[in-house]
Amino acid sequence: MHTVILLVMIINPGVHSSWTITPMPNTDVCLKMLKVIEARGGRGGGYNTGECIEIKTSEPLSSAMETLKGGGQ
């Protein structure tokens with residue numbers, strides 16, 4: 001079983017939102033990165049929000065990321 005920590009950033013949540021998903025080495029690093037991004041006013045223009053998400057999977061990281069991108073079906 002693999003544990004994958006992802007930093008998910010959402011720019012302009014709603015109809016025309018943009019998402020970025022970035023793998024992180026651990027939850028502490030993810031939370032620090034999120035804090036730094038929020039202190040700078042977020043990523044890009046407009047309203048921004050973010051989350052650190054922990055996913056447990058039997059797949060390796062490369063396969064899990066491919067699945068999140070909509071591939072590997």
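The following exchange concerns a predicted model of a protein chain.

Biologist: In what pattern do the helices and strands follow along the sequence of the protein chain?

Modeller: The protein chain holds two helices and three strands. Read along the sequence, they give the pattern β-β-α-β-α.

Biologist: Is strand β1 largely enclosed or not, and how many of its residues are buried?

Modeller: Strand β1 covers residues 2-11. A residue counts as buried under 20% relative accessible area. Strand β1 is largely enclosed by the rest of the structure, because the number of its 10 residues that are buried is eight.

Biologist: Which residue in β3 is the bridge partner of H2?

Modeller: Strand β3 spans residues 48-57 and pairs with β1 over 10 bridges in the antiparallel sense. Within this pairing, the bridge partner of H2 is T57.

Biologist: Which residue in β2 does I5 stand opposite?

Modeller: Strand β2, residues 18-24, runs antiparallel to β1, and seven bridges join the two. In β2, the residue opposite I5 is M24.

Biologist: Which side chains meet in a salt bridge, and at what N to O distance?

Modeller: A search of the whole structure gives one salt bridge. K56 counts as exposed because its relative accessibility is 55%, and E54 counts as partly exposed because its value is 47%. The side chains of K56 and E54 form the salt bridge, with an N to O distance of 3.4 Å.

Biologist: What share of the exposed area of the protein chain do carbon and sulfur atoms supply?

Modeller: Of the 73 residues, 26% count as buried. The protein chain exposes about 5100 Å², and the share from carbon and sulfur atoms is 55%.

Definitions and conventions
Residues are numbered from 1 along each chain as its sequence is written. This is a predicted model: local features need pLDDT of at least 70, side-chain atom pairs count only at pLDDT 80 or more; totals for chains, interfaces and linings use all residues. Side-chain values use heavy atoms; hydrogens and water are left out. Helices (H or I, at least four residues) and strands (E, at least two) are DSSP runs, numbered from the N terminus. Buried means under 20% relative accessible area, exposed over 50%, partly exposed in between (1.4 Å probe, protein chains only). Accessible areas come from the Shrake-Rupley method with a 1.4 Å probe; for residues, only the protein chains shown count as cover. A salt bridge is a side-chain nitrogen of Lys or Arg within 4 Å of a carboxyl oxygen of Asp or Glu. Two strands pair if DSSP finds at least two bridges between them.
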